[in-house]
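Me: I've got this one open on my screen and I'd like to walk through it with you. Can we take it piece by piece?

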Amino acid sequence: MSKFGPLSRALAMAGLLAAAGVAPAFAAPADVALLQSYIGEWRGTGVLIGANTETVRCRMSLTQGNDQKVNYNGRCALAGTQLSVAGTMAYIEANRRFEAAMSSNATFTGVAIGQKRGGGLVFNLRERDKDEEGKDLSISAQISLKNDAIEVTFEVVYVESGDSLRAEVPFTR
């Protein structure tokens, strides 16, 4: 069983949890300003802990999108594997919340819900999926935008065995 199939999906989800498909947003100016304050170039190095410990190196770019959205493109490298993610984050007035939708080269798409916390934003995603061998996975990811920093945490748990992969990647400008 390859640990990088589900890891790629988890990184893709965590990779910043956004993609085309977020409905038009009509947010309060402070909500838009908070999200847009993270526009820029970001880099991060973290550790993946599983059967082995691997270094994860990532970079991402957040740019101004249409309709008060923030677009992002990210790429992570670990153990010779490249993962790319792309998407959009926005405040969705109809739902009265932040949402981030994403797609990846690991064939995953998803939507994370964001909440204001302590002057920042936290996006959370929880999913169930199957690996390339059909084994059930529980996948969780969190993206925290706070104090001019971004931190991505994700975990993949094989439901049957309890084996897991966990990574934390702090980003700075």
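**The second helix**

Reply: Happy to. In α2, the residues D31, V32, L34 and L35 are buried. Keep in mind as we go that this is a predicted model.

Me: Do those buried residues of α2 line one face of the helix or are they spread around its axis?
Reply: Look down the axis of α2: its buried residues fall within an arc of 160 degrees, so they sit along one side. P29 and A30, on the other side of α2, are exposed. The buried residues of α2 therefore line one face of the helix.

Me: And which strands help cover the buried residues of α2?
Reply: α2 has D31, V32, L34 and L35 buried, and strands are part of what covers them. The cover includes β3, β4 (81-92), β5 (97-104), β6 (109-117), β7 (120-130) and β8 (136-146).

Me: Where does A28 sit, and is A28 buried, exposed or partly exposed?
Reply: A28 is in the loop between α1 (4-14) and α2 (29-36). The C-alpha atoms of A28 and Y91 are 8.6 Å apart, though 63 residues separate the two along the chain. The relative accessibility of A28 is 36%, which means A28 counts as partly exposed.

**Rings and sulfurs**

Me: How many aromatic pairs are there, and is the pair of Y38 and W42 stacked or edge-to-face?
Reply: The count comes to 2 aromatic pairs. For Y38 and W42, the ring centres are 6.0 Å apart and the planes meet at 25 degrees, and stacking needs under 30 degrees, so this pair is stacked. Both Y38 and W42 are buried. So for Y38 and W42 the answer is stacked.

Me: What about Y91 and F98: stacked or edge-to-face?
Reply: The rings of Y91 and F98 are 5.0 Å apart centre to centre, with 75 degrees between the planes. Y91 is buried, at a relative accessible area of 12%, and F98 is buried too, at 2%. An angle over 60 degrees counts as edge-to-face, and the pair of Y91 and F98 is edge-to-face.

Me: Which cysteines form a disulfide?
Reply: A search of the whole structure turns up 1 disulfide. The cut-off is sulfur atoms within 2.5 Å, and here they are 2.1 Å apart. The cysteines are C58 and C76.

Me: Which strands does that disulfide tie together, and is the link right-handed or left-handed?
Reply: C58 lies in strand β2 (residues 53-64) and C76 in strand β3 (residues 70-78), so the link ties together parts that are 18 residues apart in sequence. C58 and C76 are both buried. With 110 degrees about the S-S bond, the link is right-handed.

**Around strand β10**

Me: In β10, which side chains point to the buried face?
Reply: In a regular strand, side chains alternate between the two faces of the sheet. Along β10 (residues 164-172), S164, R166, E168, P170 and T172 point to one face and are not buried. Pointing to the other face, and buried, are L165, A167, V169 and F171.

Me: Which residues stand opposite F171?
Reply: Strand β1 (residues 40-49) runs antiparallel to β10, joined by 5 bridges. Strand β9 (residues 149-158) is also antiparallel to β10, with 8 bridges. Opposite F171 stand G44 and I150.

Me: Which residue in the turn between β9 and β10 has a positive phi?
Reply: β9 and β10 form a hairpin with 5 residues between them. In that turn, phi is about 85 degrees at G162.

Me: Is T153 buried or exposed, and what does T153 touch?
Reply: T153 is in strand β9. Its relative accessibility is 14%, and buried means under 20%, so T153 counts as buried. Leaving out residues up to four places away in sequence, T153 touches S140, A141, Q142, R166, A167 and E168.

**The whole chain**

Me: How many helices and strands are there, and in what pattern?
Reply: The protein has 2 helices and 10 strands. Of its 173 residues, 48% count as buried. Along the sequence the pattern reads α-α-β-β-β-β-β-β-β-β-β-β.

Me: Where is the pLDDT below 50?
Reply: The average pLDDT is 81, and 83% of the residues score at least 70. One stretch falls below 50, and beyond near neighbours in sequence it has 68 contacts in the model. Where pLDDT is low, the predicted coordinates should not be read in detail. The stretch is residues 12-25.

Conventions. Residues are numbered from 1 along each chain as its sequence is written. This is a predicted model: local features need pLDDT of at least 70, side-chain atom pairs count only at pLDDT 80 or more; totals for chains, interfaces and linings use all residues. Side-chain values use heavy atoms; hydrogens and water are left out. Helices (H or I, at least four residues) and strands (E, at least two) are DSSP runs, numbered from the N terminus. Buried means under 20% relative accessible area, exposed over 50%, partly exposed in between (1.4 Å probe, protein chains only). Rings of Phe, Tyr and Trp (its six-membered ring) pair if their centres lie within 6.5 Å; planes under 30 degrees apart count as stacked, over 60 as edge-to-face and the rest as tilted. Two strands pair if DSSP finds at least two bridges between them. The arc is that of the directions from the helix axis to the C-beta atoms. Contact means heavy atoms within 4.5 Å. pLDDT is the predictor's confidence in each residue, from 0 to 100.
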